[in-house]
Amino acid sequence: LASADTLYLTGQPLDFATLEAIGSGARRPVACEMGMGRIGTARRIVTDRLATGLPIYGANTGVGSMKDKLWTADDLVEFNNSLVRAHHFGTGEPFTLPIVRKAIAIRVNTALGGYSGCSPELIDALLSLLERDVVPVVRRHGSMGCADIGLMGQVAAVLTGEGEAWYGGERLPATEALKRAGLTPYRM
C-alpha cells in the first residue's frame, strides 16, 4: 500500500537525498513492479538451468576454492544456509542503523536491475526488514579482498534468524527481533 512515505526502487541509481531519507527511516522503500518482473525473469533463467543439473557458480556450486563442488537440488537449502554462515563475519564497532538501512536498500535496488538471479522472495524478505525496521547489527570490518561479502553476510544471517538486530530501540538476537516484528526467519 503506497503512502506519502513510500519510495519506489526501480533499479536506477539512487541519489544521496533518497539514500538519506531511507537511512533515517523517513521514506519506506518498496520494489517497483517492473523491477520485480526483471528479478522474476532472471530467476527463471537460473532455476531452468538448475533443473538441467549444469553447474552455476554460487547457485549449485561452491564458491572460491569450493567452486568445483556441485550440490544436488536436494542439498540447495543446506548449501545456501551454509553459504550465509560461511560469509557471516565482521569485527569492530557496528555501523549505524542509517548506514545499514541504506546498504539494504542499495542491495535491493541493484537486484531490481534483473542481473543477480536472486529470488523475488529474497527481495521481499529484505524489504520486510526495512518495512518493520529490523536493522541487522553489521560490524564495520569484513575481510580484505572480499568487498562487502562479510558485511552483507551479516544482513543475510539476520534474515535466517542468526546474528543480532536492532528492533524497537533494543539490540536483540535476530530470532527475537524477527519475532517481535511479526516476521519469520527466511529459508534460503
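Student: Which residue in strand 7 does Trp 166 stand opposite?

Tutor: In this predicted model, Trp 166 faces Arg 171 of strand 7. The strands concerned are strand 6 (residues 164–167) and strand 7, which run antiparallel and are joined by 4 bridges.

Student: In what order do the strands of this open sheet lie?

Tutor: The sheet has 3 strands in the order 4-6-7, with antiparallel pairing. Strand 4 (135–136) and strand 7 (170–173) stand at the edges; each has a single partner strand, so one side of each lacks a neighbour in the sheet.

Student: Strand 1 and strand 2 also pair; in which sense, parallel or antiparallel?

Tutor: Strand 1 (residues 6–9) pairs with strand 2 (residues 28–31) in the parallel sense, over 4 bridges. The chain passes from strand 1 through helix 1 (residues 16–24) to strand 2, a β-α-β crossover that is right-handed. Within this pair, Tyr 8 stands opposite Val 30 in strand 2.

Student: How should one read the helix in that crossover, and which of its residues are buried?

Tutor: As a general idea, an α-helix has 3.6 residues a turn, so residues three or four places apart point the same way. In helix 1 the buried residues are Thr 18, Leu 19, Ala 21, Ile 22 and Gly 23. These buried residues pack against strand 1, strand 2 and helix 4. At the start of helix 1, a side-chain oxygen of Asp 15 comes within 3.3 Å of the backbone nitrogen of Ala 17. Gly 25, with a positive phi near 85°, follows helix 1.

Student: Which residues touch the most other members of the largest nonpolar core?

Tutor: In soluble globular proteins, nonpolar side chains tend to be buried together. Here the largest nonpolar core has 37 residues, and Ile 104, Val 108, Ile 123, Leu 129 and Val 134 touch the most other members. Two or more residues come from each of strand 1, helix 2, helix 4, helix 5, helix 6 (149–159) and helix 7 (174–180). Beyond four places in sequence, Ile 104 touches Leu 126, Leu 129, Leu 130, Pro 136 and Val 155. There is also a second, separate core of 7 residues, which includes Val 46, Leu 50, Ile 56 and Trp 71.

Student: Turning to a polar residue, is Asn 60 buried or exposed?

Tutor: Asn 60 has a relative accessible area of 4% and is therefore buried, the cut-off being under 20%. Asn 60 lies in the loop between helix 2 (33–52) and helix 3 (76–86). For a buried polar side chain, one may look next for its polar partners. The side chain of Asn 60 reaches the backbone nitrogen of Ile 56 at 2.6 Å, and one of its polar atoms lies 3.0 Å from the backbone oxygen of Leu 54. Outside its neighbours within four places in sequence, the contacts of Asn 60 include Leu 50, Lys 69, Trp 71 and Phe 79.

Student: Where is Ser 119 found, and which side chain does it join in a polar contact?

Tutor: Ser 119 is in the loop between helix 4 (97–111) and helix 5 (120–132). A polar contact of 3.2 Å links its side chain with that of Tyr 186. Ser 119 counts as buried because its relative accessibility is 12%. Not counting residues up to four places away in sequence, Ser 119 touches Ile 39, Arg 43 and Tyr 186.

Student: What separates the C-alpha atoms of Arg 44 and Ser 119?

Tutor: The two C-alpha atoms are 8.9 Å apart, although Arg 44 and Ser 119 are 75 residues apart along the chain. Arg 44 belongs to helix 2 and is partly exposed, at 49% relative accessible area.

Notes. Residues are numbered from 1 along each chain as its sequence is written. This is a predicted model: local features need pLDDT of at least 70, side-chain atom pairs count only at pLDDT 80 or more; totals for chains, interfaces and linings use all residues. Side-chain values use heavy atoms; hydrogens and water are left out. Buried means under 20% relative accessible area, exposed over 50%, partly exposed in between (1.4 Å probe, protein chains only). A polar contact is a pair of N or O atoms within 3.5 Å; within protein, one must be able to donate a hydrogen and the other to accept it, and residues adjacent in sequence count only if both atoms are side-chain atoms. Contact means heavy atoms within 4.5 Å. Two strands pair if DSSP finds at least two bridges between them. A crossover is right-handed if, with the strands pointing away from the viewer, the path from the first strand over the helix to the second runs clockwise. A nonpolar core is a set of buried Ala, Val, Leu, Ile, Met, Phe, Trp, Tyr and Cys residues joined through side-chain atoms within 4.5 Å.
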